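Subject: Structure handover

Hi,

Here is the structure for you to look over. My notes on what turned up follow below.

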Amino acid sequence: MDDILIRGGEVVDGTGAPARTADVAIRDGRIAAIEANRTESAARVIDAHGRIVSPGFIDIHTHSDFTLPLNPMAECKIRQGVTTEVVGNCGFSVAPALPGKVEMLRDYLAASAPWLPFEATDFARYMDRWPAIAVNTVMQVGHNTLRLMAIGMDNRAPREAELRHMQEMLAEGLEAGALGLSSGLFTAPGCFSEAGELHALGQVLKAHGARYSSHIRDESHGVHEAVAEAIDVGEQCGIHVQIAHMKLSGTDSWGQADRMLEALRAARARGVDVHGDQYPYDWATNPLRFLLPTWIQEGGMAQMLGRLADPYVRARIRQKLAEVGFNNFGRIESWADIRIALSPQGAAEAGQTIAEIATQRRSDPLDTVCDIILADKGATRILVRSMSEDDVRRIAADPAVLVGSDGPCVAPYGVTGQGKPHPRLYGTFPRLIGRYARDLGLLSLPEAIHKMTGGAAVALGLEGRGTLSPGHAADVVIFHPATIIDTSTFDDPHQYAAGIEAVIVNGQTVIENGTHSGALPGRLLRRRGGVLA
Ligand SMILES: [Zn+2]
Ligand SMILES: [Zn+2]
């Protein structure tokens, strides 16, 4: 007898193959059969006529390590159909946290993980103590975190012993089953590293069959060089590279999506194992302090706050801004294109733009930015309109670019329901299907689903998930193809997506008819050699 029989749906299996009408049977947490008119009896039958039945979505780039321990039901993700989250991205991980350096890591991540309790831990213990949650989790070790532990916020190359220490901490995480290393070279302290350091860490990845993902060094003026740098790590070390949230930031770089995608295609054509990922929005989100020149952060939080109070330093920032725009984001069109997402110390109101706040305070916009960072002790998070919609669409249509929300899992209630976060946290996957595939026709439904399932599994070395086939883990989403869409907006972001009818994780129903069952069937997936399972 089947545990669950999903009857009569249009099966889009995640391989990119077209939809076919079939029943999907689930037993003991796995797909038991996919066939027309199955006659076996079942403990539960879900009628899926007129619905799409697909593999659960893999959110290949998230920061839910900051929030899943606080919201184990994984609300805003599971309600998009996400069944697996890859965490530890952009160089940021909450482990390892060495004794005596926990406070520094908490300060460093204050604008990203303001509510998470931090504790001293190595990576293996961190993984072992990961709580029961609704979705599967894949972990990465963050390069910024490693550098913080080994060198602090110093702007220099590591000494030999420090580099060895970083390699050892990385190896310890990899031996515990982490997928690989993520870098965040756009900001301190990752931006203080040079190629030799990354290659030395890449050798450790290679030795473990592990992978490299990168928030590249510059997504604005230097974006093409930064893409080449990420590809070079993969090419020189012989490892897979995942280029995070592909975009062209700043008006000077708009219109160059084809050039960036061509670099990816050319690398793949010469045998480099490289993918990208994207969230389908023209706004980004970041800690406000990361928009300023990176030297501001040298030495750590206390030094940064001291500098920002200094009129001479502000003048230097102002000059840099006039010359090239913001760090990593380049030039934006208006101060109205920066909005407060979260101000943990109450320095500004979520939803207000820098233009509005500056007018209210009768202050210069850059002084307003510096004053907010000071009052919030660096913890302010903002939204910034830095991309062109045309570039977003070209990147969305590329089959080698996978799908990542680049966001933590939050909920409309509880501690994670504060502020006005980026709508991508709630809407990335339904938006790509409903808006970019269905409404705009930039890609077919099987192509869109492949990017978020089977294609992502290939990029991760993930076995036994990502496509619907007998024997695979039963991670399944059932949605209405005509109504699936994101509903989260910048003014009212805490809104679950529409059209997702049921979500099953490891054979257990988590979402049915818009209701969360409270089940926490997610598994921590560990990499052994080149295989993640
Ligand atoms: Zn990033
Ligand atoms: Zn990220």
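The donor residues of the zinc ion (ligand 2) follow the spacing H-x1-H-x26-C-x315-D in this predicted model. Cys 90 sits in the loop between strand E7 (82-86) and helix H2 (102-108). Asp 406 sits in the loop between strand E17 (401-403) and helix H14 (424-439). These two are 316 residues apart, so the pair links distant parts of the chain. Cys 90 is buried, at 4% relative accessibility. Asp 406 is buried too, at 9%.

The donor atoms are His 61 (NE2), His 63 (NE2), Cys 90 (SG) and Asp 406 (OD), at 2.0 to 2.2 Å from the ion. Angles among the four run from 89 to 151°, and the site is irregular. The zinc ion (ligand 1) is 3.2 Å from the zinc ion (ligand 2), and Cys 90 coordinates both.

Now the cavities. The whole structure holds three of 30 Å³ or more. The largest has a volume of about 380 Å³. It is lined by 35 residues, and closest to its centre are Ala 111, Ser 112, Thr 285, Arg 381 and Pro 408. Its lining has 18 nonpolar, 12 polar and five charged residues. Strand E14 (283-287) is among the elements that supply at least two. E14 gives the largest share, four residues. Domain 2 (58-282 + 387-460) and domain 3 (288-384) both contribute to this lining, so the largest cavity lies between them.

The second largest cavity has about 90 Å³ of space. Its lining comprises six nonpolar, six polar and two charged residues. Strand E11 (211-215) and helix H16 (454-460) each supply at least two of them.

Best wishes

Note on methods: Residues numbered from 1 in each chain as written. Chains lettered and ligands numbered in written order. Predicted model: local features only at pLDDT ≥ 70, side-chain atom pairs only at ≥ 80, totals over all residues. Heavy atoms only, no water. Donors = N, O, S within 2.8 Å, 3.2 Å for Na, K, Ca; no water. Tetrahedral: all angles 85-135°; square planar, octahedral: opposite > 155°, others 65-115°. Buried < 20%, exposed > 50% of the residue type's maximum accessible area, 1.4 Å probe, protein only. 1 Å grid on protein atoms, 1.4 Å probe; cavity = no way out; pocket = protein on both sides within 12 Å on 5 of 7 lines; lining within 4 Å. Points joined across faces, edges and corners; volume = space filled by probe spheres on them. Nonpolar A, V, L, I, M, F, W, Y, C, P; charged D, E, K, R; others polar. Domains from an automatic or database assignment.
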